[in-house]
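I opened this structure to look up its pockets, its cores, two of its helices and a few single residues. My entries follow in the order in which I made them.

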Amino acid sequence: MADSWSFEALSPASFLARSAVVHRDRVAVVSHDRQLTYGHLEERCLRLAGSLRAIASGRPVAVLAANGLPLLESHYSVPWAGSPLVALNVRLTPGDLAFIVGHSEAAVLVHDEDLREVAEAVQERLPELRLVSCGRGGDEYEHFATSGPPSRVEVTDERGTLAINYTSGTTGSPKGVMCHHRGAYLQALAMVAHAGISAESVYLWTLPMFHCNGWCFTWAVTAAGARHLCRSTGDPVATWRLVAAEGVTHLCAAPVVVNALAAATTTPLPQGQRLDIMVGGSPPTPSVLSRLEALGARVTHLYGLTETF
């Protein structure tokens, strides 16, 4: 280990601290009807961290939310609170979710207001669990983000737990994979390089952020100072319209989504615009690759083992 004066622990949350300086006035995220700069995003995450630190006391913070501002912010505010992040699959049953929250020993469950009934069902099994609702004006989460005491717990052990990601439990109880700060930092930078993300890129969130922390693109996009676009739709035709209208340059998707995009339109993207698609799982067929290339998209096939970095 190098002397302390020449060594800094690696953590992907540091990408936001850097981008808040280098790209302070650049748009960081567009989430439905909200738009935040990198400077504003950092301020919110620091205040969220202060509030979460007070109620979690270093124990994990679980988040049950669809792709959007709260789930993206949690990838920075939770580490800055000194807690591991447990991003939950919104499609799981309350029983599986309760197992995950209990097994990870999470102290707090941040949840979309639309998922309140599910969150309360989890709390029924874990009475000491603290619920924090987000998604409505004036909710507790928004109060944390605007009025909490700014805080940032420095990472001293880069191999400490950053996030715990759980399987769906199809072969028994869900199983958790512990990801550390150093590994996620390196994986995020690998995604910046392999995907060719720059400060001018616009990344459309089609992949769930709860899936391996969005394959570390939750941090990679920020590392490049690019734009997170959280306006995804399950309709592939609408997705193509959104890609063209918002100048989307990158997205990640499962094979079934890529196949649907390839079949959804015959209208190429505007001249000069190119879409880079990263796909995990089975490789696309040559015909799908040809159709997407004709539409102005280039596909990169990724090997799905993010937890090995």
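**Terms and source.** I take helices (H or I, at least four residues) and strands (E, at least two) as DSSP runs, numbered from the N terminus. The model is predicted, with local features needing pLDDT of at least 70 and side-chain atom pairs counting only at pLDDT 80 or more, while totals for chains, interfaces and linings use all residues. Residues are numbered from 1 along each chain as its sequence is written, and side-chain values use heavy atoms, with hydrogens and water left out.

**Helix H7.** I looked up what follows H7 and found Gly196, which takes a positive phi of about 70° just after the helix. H7 itself covers residues 181-195, 15 in number. I compared its reach with the expected span, which is 1.5 Å times one less than the number of residues. From first C-alpha to last, H7 reaches 21 Å, close to the 21 Å expected. I then listed its buried residues, where buried means under 20% relative accessible area, exposed over 50%, and partly exposed in between (1.4 Å probe, protein chains only). In H7 the buried residues are His181, Gly183, Ala184, Tyr185, Gln187, Ala188, Met191, Val192 and Ala195.

**Helix H2.** I ran the length check on H2 (residues 38-56) as well. Its 19 residues should span 27 Å at 1.5 Å a residue, and the end C-alpha atoms are 26 Å apart, which agrees. Ser57 follows H2 and has a positive phi, near 55°. Within H2 I picked out Gly50. Gly50 has a relative accessible area of 7% and is therefore buried. For its contacts (heavy atoms within 4.5 Å), I set aside neighbours within four places in sequence and found Pro149 and Ser151. I also noted the distance from Gly50 to Gly281: 38 Å, C-alpha to C-alpha, with their positions 231 residues apart in sequence.

**Cores.** I use nonpolar core for a set of buried Ala, Val, Leu, Ile, Met, Phe, Trp, Tyr and Cys residues joined through side-chain atoms within 4.5 Å. The largest has 61 residues, and Val29, Leu41, Val108, Val110, Phe217 and Trp219 have the most contacts inside it. H2 gives the most to this core, with eight residues. A second, separate core has 22 residues, including Val248, Leu275, Val279 and Val288. Which residues does Val29 touch, not counting residues up to four places away in sequence? I found Arg34, Gln35, Leu36, Leu41, Leu69, Leu72, His228 and Cys230.

**Largest pocket.** On a 1 Å grid over the protein atoms alone, a pocket is an open set of points where a 1.4 Å probe fits, with protein on both sides within 12 Å along at least five of seven lines; lining residues have an atom within 4 Å of a point. Grid points are joined across faces, edges and corners, and a volume is the space filled by probe spheres set on the points. The largest pocket holds about 680 Å³. Its lining has 33 residues, with His32, Ala66, Asn67, Gly68 and Asp112 closest to the centre. Helices H3 (69-80) and H6 (140-147) each supply at least two lining residues. I sorted the lining by class: Ala, Val, Leu, Ile, Met, Phe, Trp, Tyr, Cys and Pro as nonpolar, Asp, Glu, Lys and Arg as charged, and the others, Gly among them, as polar. That gave 13 nonpolar, nine polar and eleven charged residues.

**Tyr141.** In H6 I looked up Tyr141, which counts as buried because its relative accessibility is 5%. Beyond four places in sequence, Tyr141 is in contact with residues including Arg44, Leu48, Leu69, Pro70 and Val110.

**Second largest pocket.** The volume here is about 430 Å³. Of 20 lining residues, Tyr166, Thr167, Ser168, His211 and Cys212 lie nearest the centre. Strands S4 (85-87), S7 (161-166) and S8 (176-180) each supply at least two residues of the lining. By class I have twelve nonpolar, five polar and three charged residues.

**Two cysteines.** Cys212 lies in helix H8 (residues 212-215) and has a positive phi of about 50° although it is not a glycine. At 21% relative accessibility, Cys212 counts as partly exposed. Cys216 sits in the loop between H8 and helix H9 (217-224), and its phi is also positive, about 70°. Is Cys216 buried or exposed? At 3% relative accessibility, Cys216 is buried.
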